[in-house]
Amino acid sequence: MSLYDEQYLTIAQNILDHGYYDTNRTGVSTYKLPHQSMQFDLEREFPILTTKKVAFKTAVRELLWIFKEQSNDVKRLQEQNVHIWDEWEMEDGTIGTSYGWVVQKFHQMDTLLEQLKTNPQDRRMMLNLWQIPYLDTGALYPCCFLTMWDVTDGRLNCMLVQRSGDWGLGVPFNTSQYAVLVHLLAQVSNLRPGMLTHVINNAHIYENQVEGIRLQLTRRAEAFEAPALWINPEIQDFYAFQIQDIKLIGYKSHDKISMEVAV
Ligand SMILES: Nc1nc(=O)c2c([nH]1)NC[C@@H]1CN(c3ccc(C(=O)N[C@@H](CCC(=O)O)C(=O)O)cc3)CN21
Ligand SMILES: O=c1ccn([C@H]2C[C@H](O)[C@@H](COP(=O)(O)O)O2)c(=O)[nH]1
């Protein structure tokens with residue numbers, strides 16, 4: 001059984017059994033637990049759920065939109081048939097000064113790539129999307145707002161900090177997305193992928209997702225082996241990656257589970 005299903009479903013069960021029922025900004029209440037974390041050795045296996053089908057290509061398209069294109073333009077996603085940001089589109093067609101915009105504004109990706117190349121012992125390597133002056137002019141405060149990077153013994157390790165994690169919809173995307181980012185950065189930095197540690201400050205299940213998550217939990221004993229990630233080995237420039245350069249090999253999963261997104 002895939003290690004991600006195991007860790008993800010253990011926390012899901014805990015939230016349902018012991019979560020605190022509370023209201024929030026969206027008007028859809030949640031069951032929540034503070035300070036959850038998951039950890040994966042990316043050389044061992046790629047973390048993606050098999051107990052439901054995860055829209056991997058959609059997740060990777062969003063990742064490239066943020067860190068490669070460094071765009072906030074929702075149209076760029078819609079052109080690729082990705083509609084996960086439609087509800088947050090502002091009047092100008094963007095998500096404002098959030099995510100990709102902040103990466104671009106502070107040249108954060110260029111800086112990280114340079115650090116990895118020239119000084120991998122650096123203990124100051126991070127991507128920090130939490131830029132206070134620009135929070136209120138973004139469509140949503142960033143949820144996965146911080147990654148910290150470390151190179152040890154030729155392996156690239158990443159700690160992902162997520163302030164708020166929608167267990168049904170956001171988190172399955174986020175873990176797999178950042179696992180892909182580690183693989184991409186490792187390849188262009190001549191490193192091997194290492195540990196991904198995913199920390200979630202407020203881990204919650206919206207009450208209208210409980211049924212879907214309970215269905216997923218019934219599949220726990222029938223989880224599949226994790227697929228392998230294939231990355232085009234010829235690409236050595238981070239900005240040259242395209243969607244067709246990133247594939248899952250042998251992704252076997254149970255059916256998709258539809259859930260509503262709380263706006
Ligand atoms: N409440 C909430 N949860 C989130 O996860 C979230 C937000 N808001 N706001 C901003 C973005 C948008 N995100 C989303 C929005 C929708 C899906 C979603 O509907 N996922 C479907 C498949 C979508 C598809 O196939 O294109 C799924 O089953 O995972 C996922 C992430 C993540 N973020
Ligand atoms: O990448 C993402 C983006 C968003 N989310 C979720 C987490 C929350 O359910 C909402 C954001 O609402 P806030 O009130 O701003 O916390 O979106 C996610 O899990 N992953």
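The following exchange discusses the shell around a ligand, the annotated positions and the central sheet of a predicted model.

Colleague: How should the numbering and the thresholds of this model be read?
Modeller: Residues are numbered from 1 along each chain as its sequence is written, while chains are lettered from A and ligands numbered from 1 in the order in which they are written. As this is a predicted model, local features need pLDDT of at least 70, totals for chains, interfaces and linings use all residues, and side-chain atom pairs count only at pLDDT 80 or more.

Colleague: How many residues surround ligand 1, and how do they divide by class?
Modeller: A residue is taken as near the ligand if its C-beta atom, placed from the backbone, lies within 6 Å of it, and among the closest are Ala55, Ile84 and Gly170, together with Asp166 and Ala262. For the classes, Ala, Val, Leu, Ile, Met, Phe, Trp, Tyr, Cys and Pro count as nonpolar, Asp, Glu, Lys and Arg as charged, and the others, Gly among them, as polar. The shell numbers 13 residues, made up of 9 nonpolar, 2 polar and 2 charged.

Colleague: What is the largest C-alpha distance between the positions that UniProt lists as "binding site" at Asp166 and Ala262?
Modeller: The listing comes from an unreviewed UniProt entry, given in the numbering used here, with shortened feature names and annotations that may be inferred rather than shown by experiment. Asp166 and Ala262 are spread over 97 residues of sequence but cluster in space, with a largest C-alpha distance of 9.2 Å.

Colleague: Is Asp166 buried or exposed, and which residue does it touch that Ala262 also contacts?
Modeller: A residue is buried if 20 or more other C-beta atoms lie within 10 Å of its own, exposed if 12 or fewer, and partly exposed in between, with C-beta atoms placed from the backbone; Asp166 has 24 such neighbours and therefore counts as buried. Contact requires C-beta atoms, placed from the backbone, within 7 Å, and, leaving aside residues up to four places away in sequence, Asp166 touches Val171, His204 and Tyr206. With the corresponding exclusion, Ala262 is in contact with Thr26, Val28 and Tyr206, so that the residue found in both lists is Tyr206.

Colleague: Why is one side of strand E1 and of strand E3 left without a neighbour in the sheet?
Modeller: Strands are DSSP runs of at least two residues (E), helices runs of at least four (H or I), both numbered from the N terminus, and two strands pair if DSSP finds at least two bridges between them. The open sheet has 6 strands in the order E1-E2-E6-E5-E4-E3, with mixed pairing. Strands E1 (20–22) and E3 (126–128) stand at the edges, so one side of each is left free because each has a single partner strand.

Colleague: What angle does the direction of helix H6 make with that of E5?
Modeller: E5 pairs with strand E4 (residues 144–152) in the antiparallel sense over 8 bridges, and Met148 stands opposite Met159 in E5. Helix H6 (residues 170–188) packs on this sheet, touching E2, E4, E5 and E6. Axes are lines fitted to C-alpha atoms, for helices over the stretch in contact, with angles running from 0 to 180 degrees between N-to-C directions, and the angle with E5 is about 160°.

Methods. Two residues are in contact if their C-beta atoms, placed from the backbone, lie within 7 Å.
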